[in-house]
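Work through the exercises below with the sequence and the structure at hand. Each task is followed by a solution in steps.

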Amino acid sequence: MAAIETTGLTKRYGEETALEALELTVEAGEVFGFLGPNGAGKTTTIDLLLDFIRPTEGTATVLGYDTHEETDAVRDRVGILPDGFDLWERSSGTRHLEFALDSKGGTESPDALLERVGLDLADAERPVGDYSKGMKQRLAMAMALVGDPELLVLDEPSSGLDPHGIRTFQEIIREEAADGTTVFFSSHILGQVAAVCDRVGILDGGELVTVDTIAGLRERSGVGSSLVVDVAGEPSVDHTELVDIDGVSEVTAEKNGRLRVTYADPAAKAHAIHRLVESGTPIVDFDIEEATLEDLFSAFTGVEAESVREEKAVDDSTVPQRTAADGGLAGESASAGSVSVDEEVGR
Ligand SMILES: Nc1ncnc2c1ncn2[C@@H]1O[C@H](COP(=O)(O)OP(=O)(O)OP(=O)(O)O)[C@@H](O)[C@H]1O
């Protein structure tokens, strides 16, 4: 059974199409990265999967349950770290976790969860209004992990985290995946997606542009990797001899006797080295420069990777507020939400 399956999933806001006929299958046990520039439709997709908003057309199932007809069954089994979640500023981190454990019937120890996300136990006693963005993000991750979810949905999980926090989150994702949990996460930070994902989907302008493994994206993007060879003196082989090798797309001589052989087919690099050695070219050193995920992203979306890191400016006014206080699964009723943790616990 697929962990996530969407059929023709579409969301329009008046004339604006946020998501166009999404056909996506995420297999159980996969770590799936959802990439896209600002406004691509990533959060819209996640909101639809969790029934925070309703589709204009199409359907989706999560863990085999219809997202709209069987919302409770979905939310019971999914841990979510939403984008732009709200916390109750006057309540402590521990109180938030206890609330999440109560709502989901989780049996984990709050201290163990806090330790896992790297949140100091003393800090957990302070009101979250005093927390930095990264500390809030760690708390929200701890809440997402409550109840040993079958699927983790993480919207921009590394937002506000320092490098150590990013490594901690990557470790958690790997541990969860090793435990059989499916992980679906959106990100702008392309390197982080490459570090943990089995497959990547690239969304652009509400449309799914491609889905593949990183290796598959490399192959299909046409963005070549390069063999960079340092030569003492002049190469004893003509450029055209190297360009003629199957899979080599370009050969350029750079300064300081450096030769750059760009190839789409990895087998071509061995042939190029062989040809250079055969010709008696004095090779001092060589290196491989792989096409980066940023290159691939630009190839598929036409958007430079830097620009996708800009802060988002989206009018969320008609989107129900998500809260992380029950694992981000408060949904429309709680989010309309007037019930705070303080009220809930009678303080
Ligand atoms: N409530 C809304 N009303 C009108 N348009 C909306 C609303 N929510 C989202 N949109 C539009 O839908 C499109 C997709 O937005 P979405 O938030 O899903 O993008 P995203 O990929 O998550 O972007 P980001 O990376 O910036 O968070 C955008 O063009 C956005 O302006």
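**Exercise 1. Describe how α4 and α5 pack: how close do the axes come, at what angle do they cross, and which residues make the contact?**

Step 1. In this predicted model, the axes of α4 and α5 come within 9 Å and cross at roughly 130°.

Step 2. Angles of 65 to 115 degrees count as roughly perpendicular and those over 145 as roughly antiparallel, with the remaining range above 35 degrees called oblique. The two helices α4 and α5 are therefore oblique to each other.

Step 3. The crossing of α4 and α5 is right-handed.

Step 4. On the α4 side, the contact is made by Leu113, Leu114, Arg116 and Val117. On the α5 side, Arg138, Met141, Ala142 and Leu145 take part.

**Exercise 2. Describe the packing of α3 and α5 in the same terms.**

Step 1. The axes of α3 and α5 come within 9 Å, and their crossing angle is roughly 20°.

Step 2. Angles under 35 degrees count as roughly parallel, which makes α3 roughly parallel to α5.

Step 3. The crossing of α3 and α5 is right-handed.

Step 4. Gly93, His96, Leu97 and Ala100 of α3 meet Leu139, Ala142 and Met143 of α5. Ala142 also belongs to the contact between α4 and α5.

**Exercise 3. Is α5 largely enclosed by the rest of the structure or largely open, and what does it pack against?**

Step 1. Helix α5 covers residues 133-145, 13 residues in total. From its first C-alpha to its last it reaches 19 Å, close to the 18 Å expected at 1.5 Å a residue.

Step 2. A residue is buried if 20 or more other C-beta atoms lie within 10 Å of its own. The buried residues of α5 are Met135, Lys136, Gln137, Arg138, Leu139, Ala140, Met141, Ala142, Met143, Ala144 and Leu145.

Step 3. Since 11 of the 13 residues of α5 are buried, this helix is largely enclosed by the rest of the structure.

Step 4. The elements that the buried residues of α5 pack against are the strands β6 (78-81) and β7 (151-155) and the helices α3 (93-104), α4 (110-117) and α6 (163-178).

**Exercise 4. Which residues of the largest nonpolar core touch the most other members, and which element gives the most to this core?**

Step 1. The largest nonpolar core has 72 residues. Met141, Ala142, Ala144, Val153 and Phe184 touch the most other members.

Step 2. The element that gives the most to this core is α5, with eight residues.

Step 3. There is also a second, separate core of 12 residues, which includes Leu227, Leu242, Val248 and Leu259.

Step 4. Take Ala142 as one example. Apart from its neighbours within four places in sequence, Ala142 is in contact with Leu97, Leu113, Leu114, Arg116, Val117 and Leu119.

**Exercise 5. Which residue other than glycine in the loop between α5 and β7 has a positive phi?**

Step 1. Glycine is set aside here: α5 is followed by Gly147, whose phi is positive, near 80°.

Step 2. Asp148 lies in the loop between α5 and β7. Its phi is near 45°, a positive value in a residue other than glycine.

Step 3. Asp148 counts as partly exposed, because it has 14 C-beta neighbours inside 10 Å.

Step 4. For a second case, turn to the loop between β4 (57-62) and β5 (65-66), the place of Leu63. Leu63 is not a glycine, yet has a positive phi of about 55°. With 21 C-beta neighbours inside 10 Å, Leu63 counts as buried.

**Exercise 6. How far apart in space are Ala195 and Ile214, and how far apart are Gly39 and Leu276?**

Step 1. Ala195 is found in helix α7 (residues 190-196). Ala195 and Ile214 are 19 residues apart in sequence and 10.0 Å apart in space, C-alpha to C-alpha.

Step 2. Gly39 sits in the loop between β3 (31-35) and α1 (42-49). Gly39 and Leu276 are 237 residues apart along the chain, and their C-alpha atoms are separated by 48 Å.

Step 3. Ala195 has 17 C-beta neighbours inside 10 Å and so counts as partly exposed. Gly39, with 18 such neighbours, also counts as partly exposed.

Key. Residues numbered from 1 in each chain as written. Predicted model: local features only at pLDDT ≥ 70, side-chain atom pairs only at ≥ 80, totals over all residues. Helix = DSSP H or I, 4+ residues; strand = E, 2+ residues; numbered from the N terminus. Expected span 1.5 Å × (residues − 1). Contact = placed C-beta atoms within 7 Å. Core = buried A, V, L, I, M, F, W, Y, C linked by C-beta atoms within 7 Å. Axes fitted to C-alpha atoms, helices over the stretch in contact; angles between N-to-C directions. Left-handed = near helix turned anticlockwise from the far one by under 90°.
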